[in-house]
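Open the model in your viewer and keep the selection tool handy. We will go from stop to stop, choosing what to select and looking at what is there.

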Amino acid sequence: MDRDVNALLVSPPAPVWGAQIYLLNQIDSLRERGVDLTLGTTGDSPFAAAWRERGLPLVELGLHEHLGLRVDGSSKRPSIAALAKMSAAVGDNARRLAMVARRYDMLYSFSLPTHLESALAGRMSRTPVALDLVDLVRPGVGQRVLRTAARLATLTVANSSATASVLGSAGPVRIIHPGIDLDRFHPGPPRPSLRADLAGDAECPLVGIVGRLDEGKGIHVLVDAMARLDGACSMARLVVVGDKGTDATDYADRIRRRADEVLGDRVHFVGRRNDIPDIMRALDVLVVAAVAEPFGLTALEAQASRTPVIGTDAGGLPEFVEHEVT
């Protein structure tokens, strides 16, 4: 690379979940390769706060916030009036973003809600645009909007073949599987105190699931599966690592009640944790129970820790979890 690339990372206000953590962990490597990122967002958010804490540059874009094409993650569609308002917001955002884009070498859209407006802004300002695709978008209006954005963009980067498949033949796409830091995730003996804290009894098999408490993560499937274990496995304990996510329903409360009903003291909800590498080494099995995980980074982290993985045969998981082999 002859010179540094100055890129504007476009994101709506966001929490700090897997995708954001993954990006924050790549900043130093990107800088070493001559890529400097500036976060462009609107208002404050946990992601913006984490960005500032690292001393990284941030610009306020003043964009209109708008909902996605599904209401609060459900199957309900917004009204015609809401769709019209959303379309107007996207158009105005694209014009505002085009004015800012001219100061950068490229735009990097980091979220589904910003893909179309970023792609439009790139065309208006003649600035290259890359879209980051980490979601499995269901067929319908949303998928058609995404494909339009991909056709307008310079490049779409997908985290798996499964996510790339939703684009069909729309626009150039490059599949880049996420990687992990092998200095953090590696085999080794678990800390006895952590194992005892998670399992309650260090002699019991310990099964774990890591992720947001959303229905799509399939935690209820794992809870019911654990309740059906018999014989020596009936004493196995379950640890659930994660906080309430984007689900608009009371799923997090319901799954806690269900787990208490069928597993009792065999389940432990520990919330969000910062010691995931240690937890991976403490587990006997890591489960990815999502109906369709776009990639499934926790499975890769478990594999690097030499912890067995059980995952659904859907989404991106089969691309690196081979049945009865890995």
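Start with Tyr 108: its bridge partner in strand 5 is Ala 130. This is a predicted model, in which local features need pLDDT of at least 70, side-chain atom pairs count only at pLDDT 80 or more, and totals for chains, interfaces and linings use all residues. Residues are numbered from 1 along each chain as its sequence is written, and side-chain values use heavy atoms, with hydrogens and water left out. Helices (H or I, at least four residues) and strands (E, at least two) are DSSP runs, numbered from the N terminus.

**Stop 1: strand 5 and its neighbours**

Keep Tyr 108 on screen and add strand 4 (residues 106-109), which runs parallel to strand 5 and is joined to strand 5 by 3 bridges. Now follow the chain from strand 4 through helix 4 (residues 112-125) to strand 5: this β-α-β crossover is right-handed. To check the hand yourself, point the strands away from you; in a right-handed crossover the path from the first strand over the helix to the second runs clockwise.

Next, select residues 129-133, which make up strand 5. How many of the residues of strand 5 are buried? The count is 5 of the 5, so strand 5 is largely enclosed by the rest of the structure. Buried means under 20% relative accessible area, exposed over 50%, and partly exposed in between (1.4 Å probe, protein chains only). In a regular strand the side chains alternate between the two faces of the sheet. Here, Val 129, Leu 131 and Leu 133 are buried on one side of strand 5, and Ala 130 and Asp 132 are buried on the other.

Move on to strand 6 (residues 155-158), parallel to strand 5 and joined to it by 4 bridges. Two pairs are good to label: Leu 131 has Thr 156 as its bridge partner in strand 6, and Leu 133 stands opposite Ala 158. With helix 5 (residues 141-152), strand 5 and strand 6 make a right-handed β-α-β unit.

**Stop 2: the whole first sheet**

Zoom out to an open sheet of 7 strands, with parallel pairing and the order 3-2-1-4-5-6-7. Two strands pair if DSSP finds at least two bridges between them. Strand 3 (58-60) and strand 7 (173-175) are the edge strands, each pairing on one side only. From one strand to the next, the twist averages 25 degrees.

To walk across the sheet, select Leu 9, whose bridge partner in strand 4 is Tyr 108. Strand 1 (residues 5-10) and strand 4 pair in the parallel sense over 4 bridges. Over towards strand 7, Ala 158 stands opposite Ile 175, and 3 bridges join strand 6 to strand 7.

Now show two helices. Helix 1 (residues 18-32) lies across strand 1 and strand 2 (35-41), at about 145 degrees to strand 2. Helix 2 (residues 46-53) lies across strand 1, strand 2 and strand 3, at about 140 degrees to strand 2. Axes are lines fitted to C-alpha atoms, for helices over the stretch in contact, and angles run from 0 to 180 degrees between N-to-C directions; contact means heavy atoms within 4.5 Å.

**Stop 3: the second sheet**

Select the 5 strands that form an open sheet in the order 10-9-8-11-12, with parallel pairing. Strand 10 and strand 12 (309-311) are its edge strands. Inside this sheet, 2 bridges join strand 8 to strand 11, and Val 207 has Val 285 as its bridge partner in strand 11. Helix 8 packs on the sheet, touching strand 8, strand 9 and strand 11, and its direction makes about 170 degrees with that of strand 9.

**Stop 4: helix 8 and helix 9**

In helix 8, pick out the buried residues Ile 219, Leu 222, Val 223 and Met 226. Looking down the axis, you will find them within an arc of 100 degrees, so they line one face of helix 8. The arc is that of the directions from the helix axis to the C-beta atoms.

Finish with helix 9 (residues 251-263), where Tyr 251, Ala 252, Ile 255, Ala 259 and Leu 263 are buried. Their arc is only 95 degrees, which puts them on the same side of helix 9. Their cover includes helix 8 (219-227), strand 9 (237-241) and strand 10 (267-271). Turn to the face away from the buried side for the exposed residues Arg 257, Asp 260 and Glu 261. Last, select Gly 264, just after helix 9, with its positive phi of about 60 degrees.
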